[in-house]
Amino acid sequence: MALVCYGGISLAVYMHGITKEIWRLARASRAFHADGTPTLSSTERVYHQLFEEIEKEADLRLRVLPDIVAGASAGGINGVFLAQAIATGQSLEPLTQLWLDTADIEALIDPKQAARHRWTKIWALPIAWMAQRRGAARIDELVEAGARREVSAKLSQFVRSRWFEPPFGGERFSNLILDALEAMAAGGGDGRLLPDGQPLDLFVTVTDFRGHPERLELHSPAEVMETEHRLVIPFTDHGTGAFADPAELTFAARATSSFPGAFPPFCVAELDGVLEERSLGWPTREAFLERALPRQYAANAINTAVLIDGSVLVNAPFRPAMDALRERPARREIDRRFIYIDPAPGPSFQFGATAAAMPGFFQTIIGAISEIPRQQPIRDNLEAIQDRSERIDRMRAITRSIRPEVEAQIESLFGYTLFLDSPTPARLAAWRAKAQNAAAAKSGFGYAAYGHLKVAGVVDLIASLLHSVGGELAPERYHRIRYAVEEAVRAMDGGLTFAGKASPSAILFLRSFDLGFRIRRLRMVARRLAGLEVELTEAQLATAREAIYDALAGYLEAKRTDAHAKLRRDVRAMRADAQPVLDLLAASLDLRGLDDATDAKMAAAFEGMAKEVKRPLLLAYLGFPFFDVATLPLLQGEGLDEFDPIKVDRIAPEDAGSIRQGGAEATLKGIQFNAFGAFFSRAYRENDYLWGRLHGAERMIDIVISALPPRARMKPGRVAAIKRQAFHAILDEEEERLSAVPGLIDALRKEAG
């Protein structure tokens, strides 16, 4: 699952409820695959039973892996906490009380900005009353009269705070984030929620208020400068569980949530001061700032950087999550989902009489600079995902259609003794080379284009890897590295040619650097195994699957930046001549050693393999050069690790109607007062948090069940029964804690059935 978390101001409390269910689902999934009797609570038991039922009814062992998280503003904060819980095994449970207690006007407002006494700005009270009447919603009947009085009092305090200055305190907010991370750490962790080697990536968007210069290459003039305000702060644990310093996570969470007008802009000095007051160190400060703010760091301007809310320009951060797919080491057959959490997706368009009046002066300005950019639909992102998925579908269709011809070519090339000879490592290596030469000869003129496309893709991979290893992430540095690599490749002895067959220089270059070819080959063999309709047990298929993915893991490890960290100084010192660094990188990659290890693993797997599996897998393994010549142009040379179409799911109040229809208007309080509503009442926060858990549980069950193959279907009424079980587990768990909404708990028990 790649999770994309939108902004939503006080709806952050609702999103906490949703992410809590995602966390519980991941815990239940890990427990399902672990040895021993798991210790589970609340909805974790329901999810665990669901996995058991799926295994029994569909013969499918399913594991849920939330391995990519991207968030902006309120979604950024929740994304930070969720990623920390996934990476460390820490609990999200301590955060619930903090959200309910501290996501409040009284806790957030800066003492210097608050009304000094009850008579401060007494003349402003009518403004508060008017705001309350305009913000009232049909769901007020679910809140006790005392809660409405609380809203009135806090709205009055808010309106009578100092005007034209942010009412909420930046340092107070930074301290609250640190409190939350410390509360998580104090509870300890029970292990990472992802398998070893499966990286967790977190992306948090922020807005660089002053902007930073970026160079653009044109035809004329050759180069121009533009000001870029978008920033994405990336985190990864590289599959090891070593995630990030709490100060770094606080930096990202505080910066992305600096909602204009409510919170002051964020700067590094603020966090430095908070850490000093708490006597906390930040050992990774310099490395993090260089990575997060490369332009400002290079210009020695870190202290003047001003950051504001990430949702100002990027409220739906799909792009960084999509880019992360290039590095996904999927070690099993996968069903890749992009799941976006939109807490208030209601339409804002107006037709007919409601749109007859022209917008006023302030309405036009506010809409242009704030509301319209935030509410811009994600059509472009979805079309990019759809385009990728369609290319992959076409590639798979072509692979299926040419498979009989390719298999015939391989059988004629080696003869029927291919399946009689024992596939030793030496024989596999010789067979691979023979098949590669045959593919070149059979492809004719198309092989030259294929070869140069491969070289271009490898050059891109080398440049990206060296760019990341060097740590100097400015775009122009990447272009300089790529240019130097291209020049070194052109200067290789004899040049890289593919007329009829690859030249010795081309063979040497691809053997040393073409990771993509190896990964694509093993991915295709894995897909072939998954598609075999043979009457074999899971244990009989496990040997082949483990050999394929174990071999694949070695190549995927070689793609990791930290695997080549020892080259950092050499990369930074590289100027025009890239050949010495290429030699060092080739030694560090050691693809020839990995090839030998792969041949050994595959030979061992083929040795004891049933004939029904051995034949198609061996033909796919040796026939891959033929398939690659046909399909690589469809991928436009892109080195995709996951050759599976992406499905997109949404989690929003409108999508979870098992308990109550009507969407956000019928369920959430935080949508009031321009999405600030939950800051004014604990009852509002309890309401939204509870609905977040209920909606999150419903949608997680929907999404898990949608992963079932077409041949497997749940029994009629079974899905509704599982959801009811989850709903009651949540209500039972939360009844004692949510003391401000007892009427809501009782009502929901009846509505859930």
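What span should the 15 residues of helix H3 (residues 74–88) have at 1.5 Å a residue, and how far apart are its end C-alpha atoms? The expected span is 21 Å and the end C-alpha atoms are 22 Å apart, which agrees; the expected span is defined as 1.5 Å times one less than the number of residues.

**Before selecting anything**

The structure is a predicted model, in which local features need pLDDT of at least 70 and side-chain atom pairs count only at pLDDT 80 or more, while totals for chains, interfaces and linings use all residues. Residues are numbered from 1 along each chain as its sequence is written, and side-chain values use heavy atoms, with hydrogens and water left out.

**The whole chain**

Display the protein as a cartoon. The secondary structure comprises 30 helices and 7 strands; helices (H or I, at least four residues) and strands (E, at least two) are DSSP runs, numbered from the N terminus. Colouring by accessibility shows that 54% of the 753 residues count as buried. Buried means under 20% relative accessible area, exposed over 50%, and partly exposed in between, with a 1.4 Å probe and protein chains only. Among contacts (heavy atoms within 4.5 Å) between residues at least 6 apart in sequence, 80% join residues at least 24 apart.

**Stop 1: helix H3**

Return to residues 74–88, the helix of the opening question. Of its 15 residues, 14 are buried, so H3 is largely enclosed by the rest of the structure. Select glycine 89 next: it follows just after H3 and takes a positive phi of about 80°.

**Stop 2: the nonpolar cores**

A nonpolar core is a set of buried Ala, Val, Leu, Ile, Met, Phe, Trp, Tyr and Cys residues joined through side-chain atoms within 4.5 Å. The largest has 114 residues, and those with the most contacts inside it are Phe51, Phe81, Leu202, Phe235, Phe251, Leu690 and Met700. Centre on phenylalanine 51: leaving out residues up to four places away in sequence, Phe51 touches Leu25, Ala28, Ser29, Phe32, Leu62, Val64 and Val704. A second, separate core of 79 residues includes Ala488, Val489, Leu589 and Phe624.

**Stop 3: valine 46**

Valine 46 is in helix H2 and counts as buried at 5% relative accessibility. Not counting residues up to four places away in sequence, Val46 touches Ile722, Gln725 and Ala726. A distance label drawn from the C-alpha atom of valine 46 to that of leucine 25, 21 residues apart along the chain, reads 9.2 Å.

**Stop 4: two loop residues with positive phi**

Is isoleucine 9 buried or exposed? Isoleucine 9 is buried, with a relative accessible area of 17%. It is found in the loop between strand E1 (2–5) and helix H1 (12–33), and has a positive phi of about 55° although it is not a glycine.

Move to aspartate 59, in the loop between helix H2 (43–58) and strand E2 (68–72). Its phi is near 55°, a positive value in a residue other than glycine. Aspartate 59 is exposed, with a relative accessible area of 62%.

**Stop 5: threonine 207**

Select strand E3 (residues 201–217), where threonine 207 has its place. Threonine 207 is buried, with a relative accessible area of 4%. Which backbone oxygen lies 2.7 Å from a polar atom of its side chain? That oxygen belongs to aspartate 309; a polar contact is a pair of N or O atoms within 3.5 Å, and within protein one must be able to donate a hydrogen and the other to accept it, with residues adjacent in sequence counting only if both atoms are side-chain atoms. Beyond four places in sequence, the residues in contact with threonine 207 include His229, Val306, Gly310 and Leu313.

**Stop 6: aspartate 562**

Aspartate 562 sits in the loop between helix H21 (538–558) and helix H22 (568–573). At 35% relative accessibility, it counts as partly exposed. Add histidine 238: the two are 324 residues apart in sequence and 7.9 Å apart in space, C-alpha to C-alpha.

**Stop 7: helix H25**

Finish at helix H25 (residues 611–631), whose 21 residues should span 30 Å; the end C-alpha atoms are 28 Å apart, which agrees. A kink of about 60° lies at glycine 623, shortly before proline 625; the bend at a residue is the angle between axes fitted to the seven residues ending there and the seven starting there. H25 is mostly covered, with 17 of its 21 residues buried.
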